[in-house]
Protein chains: 2
Amino acid sequence: MSEENAVLFANEAFYLAIANRDVPAMNDIWGDDPVACLHPGWAALVGRADVLDSWERILSHDAAPKIVCREPRVLLHGDAAVVVCYEQIEGELLVATNVFRRAQRQWRMVHHQAGPTAARLSRQDAPGPAPKPN
Amino acid sequence: MSEENAVLFANEAFYLAIANRDVPAMNDIWGDDPVACLHPGWAALVGRADVLDSWERILSHDAAPKIVCREPRVLLHGDAAVVVCYEQIEGELLVATNVFRRAQRQWRMVHHQAGPTAARLSRQDAPGPAPKPN
């Protein structure tokens, strides 16, 4: 598996954990400190404990969001990688930054930010499965 | 200078280039590809040419934004670093992710995202100079 595909795999695991409301998976996906998470509209969360606590609260909520990742693009920077993607959330579209760090051959998330975008996806009106890694 | 301070310095140079509408400085601040930029509300820009073209258009505009960086926090990941900070823009507050990569002992920006936040700064009502690096 190429490094780019390995990062895409880690990125898909993140959205799968959200879809499955899988708190233990989310714990594995996030790396060790220093980590941070900027949920849309929230104040910045810095530190693994606060970040994972936020995800546990989000995923255990009855109204946990249904998010589909669209058009992920990987930007490799050695042992770090930035993924830029869109998040389709029940008709709304966000744009997201996911940062991963490679440790012991495994890519783990160290940063996430999502926020509004005016972008329109070409296939937004006909949602299907997320695109496969190239 | 510690690596953390070196990253804060690069982060401050980014906001200084915006304040001074300094396009050549912005060209120096951004690193080589792969780079990406998620301006608030825009579609994702991927690639140095598109990113720098966007900054040239923003900075050459008469209504170029006046942005003050607040509460920057550095998260070091080897040769990469994530800065989480708030951007105070004429009464509005955004939260931002700035990613830097170290190349030949110099930290250069490779990613930027800014988006809305409900956070309130303790000193938001009494703006002063940006806090100094710790």
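Trainee: In this predicted model, which residue of β5(A) is the bridge partner of A:Y86?

Mentor: The partner of A:Y86 in β5(A) is A:V95, and A:V95 in turn has A:G115 as its bridge partner in β6(A).

Trainee: What makes β4 and β5 of chain A a pair of strands?

Mentor: Two strands pair if DSSP finds at least two bridges between them, and 10 bridges join β4 (residues 80–89) of chain A to β5(A), with the strands running antiparallel, so the criterion is satisfied and the two are a pair. Likewise, 10 bridges join β5 (residues 92–103) to β6 (residues 106–116) of chain A, again antiparallel, and A:A103 stands opposite A:Q106 in β6(A).

Trainee: What do the turns of these two hairpins of chain A show in their phi angles?

Mentor: The hairpin of β4(A) and β5(A) has two residues between the strands, and A:E90 takes a positive phi near 50 degrees there. In the hairpin of β5(A) and β6(A), which also has two residues between its strands, A:Q104 takes a positive phi near 50 degrees.

Trainee: Why are β2 and β3 of chain A said to stand at the edges of the sheet?

Mentor: The open sheet has six strands in the order β2-β1-β6-β5-β4-β3 (chain A), with mixed pairing. β2 (45–46) and β3 (67–77) each have a single partner strand, so one side of each is left without a neighbour in the sheet.

Trainee: Why is β5(A) described as largely enclosed by the rest of the structure?

Mentor: A residue is buried if 20 or more other C-beta atoms lie within 10 Å of its own. Nine of the 12 residues of β5(A) are buried, and the strand is therefore largely enclosed.

Trainee: Is B:S60 buried or exposed, and how do you know?

Mentor: The limit for an exposed residue is 12 or fewer neighbours, and B:S60 has 10 C-beta neighbours inside 10 Å, so B:S60 counts as exposed. B:S60 is found in the loop between α3 (48–59) and β3 of chain B.

Trainee: How do you know that the two copies are related as by a two-fold rotation axis?

Mentor: Chain B can be laid on chain A by a turn of 180 degrees and a shift of 0.0 Å along the axis, with an RMSD of 0.0 Å; the copies are thus related as by a two-fold rotation axis. Of the residues of chain B, B:G115 comes closest to that axis, with its C-alpha at 2.7 Å.

Trainee: Why do we say that the copies meet through the same surface?

Mentor: Of the interface residues of chain B, 100% are also interface residues in chain A, so the same surface is used by the copies. In this interface 30 residues of chain B are in contact with 30 residues of chain A. β6(B) gives the most to the side of chain B that touches chain A, with five residues, and by class that side has 19 nonpolar, eight polar and three charged residues.

Trainee: How do you know which part of chain A calls for caution?

Mentor: Chain A averages a pLDDT of 90, and 91% of the residues score at least 70, whereas pLDDT stays under 50 over residues 124–134 of chain A. Where pLDDT is low, the predicted coordinates should not be read in detail. For the complex, the predictor gives an ipTM of 0.89 and a pTM of 0.90.

Definitions and conventions:
Residues are numbered from 1 along each chain as its sequence is written. Chains are lettered from A and ligands numbered from 1 in the order in which they are written. This is a predicted model: local features need pLDDT of at least 70, side-chain atom pairs count only at pLDDT 80 or more; totals for chains, interfaces and linings use all residues. Copies are superposed by least squares on the C-alpha atoms of residues with pLDDT of at least 70 in both. Two residues are in contact if their C-beta atoms, placed from the backbone, lie within 7 Å. Helices (H or I, at least four residues) and strands (E, at least two) are DSSP runs, numbered from the N terminus. Ala, Val, Leu, Ile, Met, Phe, Trp, Tyr, Cys and Pro count as nonpolar, Asp, Glu, Lys and Arg as charged, and the others, Gly among them, as polar. pLDDT is the predictor's confidence in each residue, from 0 to 100.
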